[in-house]
Amino acid sequence: MGKTLYLLSNGELRRKDNTLFIARENESPKFLPVETLDEINVFGEVEFNKSLLEFISQKEVILHVYNHYGYYVGTFYPREHLNSGAVILAQASHYTDSAKRIKIASSFVRGAIENMKRVMDYYRRRAAIDTEDIAEFLDGYAEQALECAGVAELMGVEGNAREKYYEFFDRLVKDDAFKMLTRTRRPPTNRMNALISFLNTMCYTLALSQIYRTHLDPRIGFLHETNFRRFSLNLDVAEIFKPIMVDRLIFSLINKKEIQDKHFEKQSGGGIYLNEKGRETILRAWEGKVNETIEHPTLGRKVSYRGLVRMEIYKLQKHIMENIDYAPYVSRW
């Protein structure tokens, strides 16, 4: 798998012969072989032109753009080189068939809930935290997910489960500076919410980049509605991995004091966001997380978390094309 390039500083990105030329403020220009890349994440005010977009399209490199606050703006998604008419038709058929769609969507929700429970169990054993009441609610929501008649009802169950799960955060995190209190999004009103929103976004774009390497179409999701939103399948896939990748990383950063009050800034609109140094710290840790390897339960070899996400999409593709039941990835710890 290729590397991910993060551009946090202002500067310029352009093609220079068959390499990428990167000029950033207060840094020496660099040349980077494009063959080593899978994706580029642009956070700073970076100039690029059509020639650059043509070049990375030929090389099948995705480019994600974020605004000043780290919110996702959009993606330059090169021509789908692996698109298959048969796969897209089958994927659309599973979306339009309500029974097939709810089966897949329910799997995403139950997989997400199971991984929430695994995260709580991990810290319950290490920090002696009482999570039994939350776990009981999550078990109930997992049962409800099996009985939902429609996706709207299922989305409600997923929202309720995640809201209950978030109660665990303030039981674990002792630092008052990182108490969640309640989940807020646009804008995030405290540091914990800012961390969750930022890293959830990174999980969504990670899933999108991995979908590009398969035959599936990211515009056809099953849990999240396929409508005027450009992409939705990546949101579905990310639900499974947010507890074990995003939440575990947040707890680790706070516990080790690698992320602190100085890494945030308050904006005039009332929101609290990561500053540039904070984003740099988080992204370095995130890249370490997605490249971290674990022993795969069935392959008998080590696989990175980035690889796990792509394998999850392959499993979904097999379900759609070969009628092999899809079972979401559940962490073993």
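**Pocket and binding-site annotation in a predicted model**

The largest pocket has a volume of about 720 Å³. The model is predicted.

Me: Which residues lie nearest the centre of the largest pocket?
Reply: The pocket, at about 720 Å³, has a lining of 27 residues. Five of these lie nearest its centre. They are R186, N200, T201, Y204 and L235.

Me: Which element supplies the largest share of the lining of the largest pocket?
Reply: β8 (72-76), α5, α7 and α8 each give at least two residues to the lining. The largest share is six residues. Its source is α7.

Me: How many residues of the lining of the largest pocket are charged?
Reply: The lining splits into three classes. Eight residues are nonpolar and nine are polar. The charged ones number 10.

Me: Which residues does the UniProt annotation "binding site" cover?
Reply: The annotation comes from an unreviewed UniProt entry. It covers three positions: E158, H224 and E239. They are spread over 82 residues of sequence, yet they cluster in space, with a largest C-alpha distance of 11.1 Å. The lining of the largest pocket takes in this set: E158, H224 and E239.

Me: Is E158 buried or exposed?
Reply: E158 sits in helix α5, residues 151-165. Its relative accessible area is 10%. The cut-off for buried is under 20%. E158 is therefore buried.

Me: With which residues is E158 in contact, leaving aside its neighbours within four places in sequence?
Reply: E158 belongs to the UniProt "binding site" set, and so does E239. With sequence neighbours within four places left aside, E158 touches one residue of that set and also V109. The contacts are V109 and E239.

Me: Where does H224 lie?
Reply: H224 is another position of the annotated set. It is buried, at a relative accessible area of 11%. Two helices flank its segment, α7 (191-211) and α8 (233-255). H224 lies in the loop between α7 and α8.

Me: In what sense do strands β3 and β4 pair?
Reply: Strand β3 spans residues 19-24 and strand β4 spans residues 30-33. Four bridges join them. T19 has P33 of β4 as its bridge partner. The sense of the pairing is antiparallel.

Me: Which residue takes a positive phi in the hairpin of β3 and β4?
Reply: The hairpin has five residues between the strands. The phi in question is near 65 degrees. The residue is N26.

Conventions:
Residues numbered from 1 in each chain as written. Predicted model: local features only at pLDDT ≥ 70, side-chain atom pairs only at ≥ 80, totals over all residues. Heavy atoms only, no water. UniProt positions renumbered as here; feature names shortened; annotations may be inferred. 1 Å grid on protein atoms, 1.4 Å probe; cavity = no way out; pocket = protein on both sides within 12 Å on 5 of 7 lines; lining within 4 Å. Buried < 20%, exposed > 50% of the residue type's maximum accessible area, 1.4 Å probe, protein only. Contact = heavy atoms within 4.5 Å. Pairing = 2+ DSSP bridges. Points joined across faces, edges and corners; volume = space filled by probe spheres on them. Nonpolar A, V, L, I, M, F, W, Y, C, P; charged D, E, K, R; others polar.
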